[in-house]
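This report goes through one protein model, from its overall make-up to its interior and a few local features. The sequence and structure come first.

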Amino acid sequence: MRWHRWWPRGSRVATRAPGRPHGVIAPERVGAAERTARRAAISEAEWALARERMVIDQLERRGLRDEQLLRAFRTVPRHRFVDSDDPYGDRALAIASGQTISQPYVVAAMAAAAGPERGYRGAKVLEIGTGSGYSAAILVELGAEVTTVERHASLGAEALERLRSAGYDNVRVVVGDGSLGWPQGAPYDAIIVTAAGPSVPEPLLGQLSQDGGRLVIPVGTREQQWLTLVQRHGTAYTRREVEPVVFVPLVGEHGFRE
């Protein structure tokens, strides 16, 4: 797998917006009423063109070439998962419960890193940190069977509604402590964690498939982490630190305290 040194320092909360320093989220500069009116005036064909530009400018030009991954990003209507006048921009966006959704490249890069050796088609995937539901929709488009865990009950409920509204009604949304995973659905071919832990949670390691299961998680302090890829073969684990990143903390029994 090839990794590129320009990986954005980004996450659901802190990401580098164009022309701004690391760790700053570009604010929305229009009011809710004006934003709603603008969005209503945009046709689905225009949204599709925006997705195509996103794929070309943000994914392909940054080295992502997997056709199935690119197709998923061309298909999922990101504008249905965020309330923004620029849903396809190269930046993190605010969502409910004081959280944000990562910029498209960060979502794509994590999905690529966690990709099972036999591909996502039919794979069992656990996502920790549902957010708006956008990442889960991408995984479904890739062919995965997705369970996603969200700590904030209201955010989980809203994500479930957005997923259903967009036609992704086969995603299992669980409200609970993501650091514990979801053992009822284990083992998983891939686990993607969209929040940073002080270490790799032991429950997640145990829930990985012994046949090459992959786990992608930011690990470090609250201020700075390394995106870490763990792969399991039987009872043995390999670990590789990929790139420095900044994510929101994974709060829970095997994560950070409140």
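## Nonpolar cores

A nonpolar core is here a set of buried Ala, Val, Leu, Ile, Met, Phe, Trp, Tyr and Cys residues joined through side-chain atoms within 4.5 Å. A residue is called buried when its relative accessible area is under 20%. The model is a predicted one, and its largest core of this kind has 52 residues. Leu59, Phe73, Phe81, Tyr120, Tyr134, Leu139 and Tyr168 have the most contacts inside this core. At least two core residues come from each of the helices H2 (44-59), H3 (67-75), H4 (104-114), H5 (134-141) and H6 (153-165), and from each of the strands S6 (190-193), S8 (225-233) and S9 (236-245). H4 gives the most, with nine residues.

Leu59 shows what such a position touches. Apart from neighbours within four places in sequence, Leu59 is in contact with Met54, Leu64, Leu70, Phe73, Pro104, Tyr105 and Ala108. A second core, separate from the largest one, has 18 residues, among them Tyr188, Leu208, Val230 and Leu250.

## Overall make-up

The protein holds seven helices and nine strands. It has 258 residues, and 55% of them count as buried. Of the contacts between residues at least 6 apart in sequence, 60% join residues at least 24 apart. The exposed area is about 11200 Å², with 51% of it supplied by carbon and sulfur atoms.

## The S8-S9 hairpin

Strands S8 and S9 pair in the antiparallel sense, over nine bridges. One of the bridge partnerships joins Leu229 to Arg240 in S9. The two strands form a hairpin with two residues between them. Gly234 lies in the turn and has a positive phi of about 65°. Most residues other than glycine have a negative phi.

## A cis peptide bond

Most peptide bonds are trans. The bond from Ala186 to Pro187 is cis, with omega near 5°. Pro187 sits in the loop between strand S5 (172-175) and S6.

## Glu127 and the largest cavity

Is Glu127, a residue of strand S3 (124-128), buried or exposed? Glu127 has a relative accessible area of 1%, so this residue is buried. Setting aside neighbours within four places in sequence, Glu127 is in contact with Ser135, Ala136, Thr147, Thr148, Val149, Ile192 and Thr194. Thr147 is 20 residues from Glu127 along the chain, and their C-alpha atoms are separated by 6.3 Å.

Rolling a probe the size of a water molecule over the atoms shows where empty space is left. Two cavities of 30 Å³ or more are counted in the model. The largest cavity contains about 180 Å³ of space. Its lining is made up of 18 residues, and Glu127 is one of those nearest its centre, along with Ser102, Val107, Ser135 and Thr194. Ser135 and Thr194 are also among the contacts of Glu127. Strand S2 (100-101), H4 and H5 each supply at least two lining residues. The largest share, four residues, comes from H4. H4 is also the element that gives the most to the largest nonpolar core.

How values were computed. Residues are numbered from 1 along each chain as its sequence is written. This is a predicted model: local features need pLDDT of at least 70, side-chain atom pairs count only at pLDDT 80 or more; totals for chains, interfaces and linings use all residues. Side-chain values use heavy atoms; hydrogens and water are left out. Buried means under 20% relative accessible area, exposed over 50%, partly exposed in between (1.4 Å probe, protein chains only). Contact means heavy atoms within 4.5 Å. Accessible areas come from the Shrake-Rupley method with a 1.4 Å probe; for residues, only the protein chains shown count as cover. Two strands pair if DSSP finds at least two bridges between them. On a 1 Å grid over the protein atoms alone, a cavity is a set of points where a 1.4 Å probe fits but cannot get out, and a pocket is an open set with protein on both sides within 12 Å along at least five of seven lines; lining residues have an atom within 4 Å of a point. Grid points are joined across faces, edges and corners, and a volume is the space filled by probe spheres set on the points.
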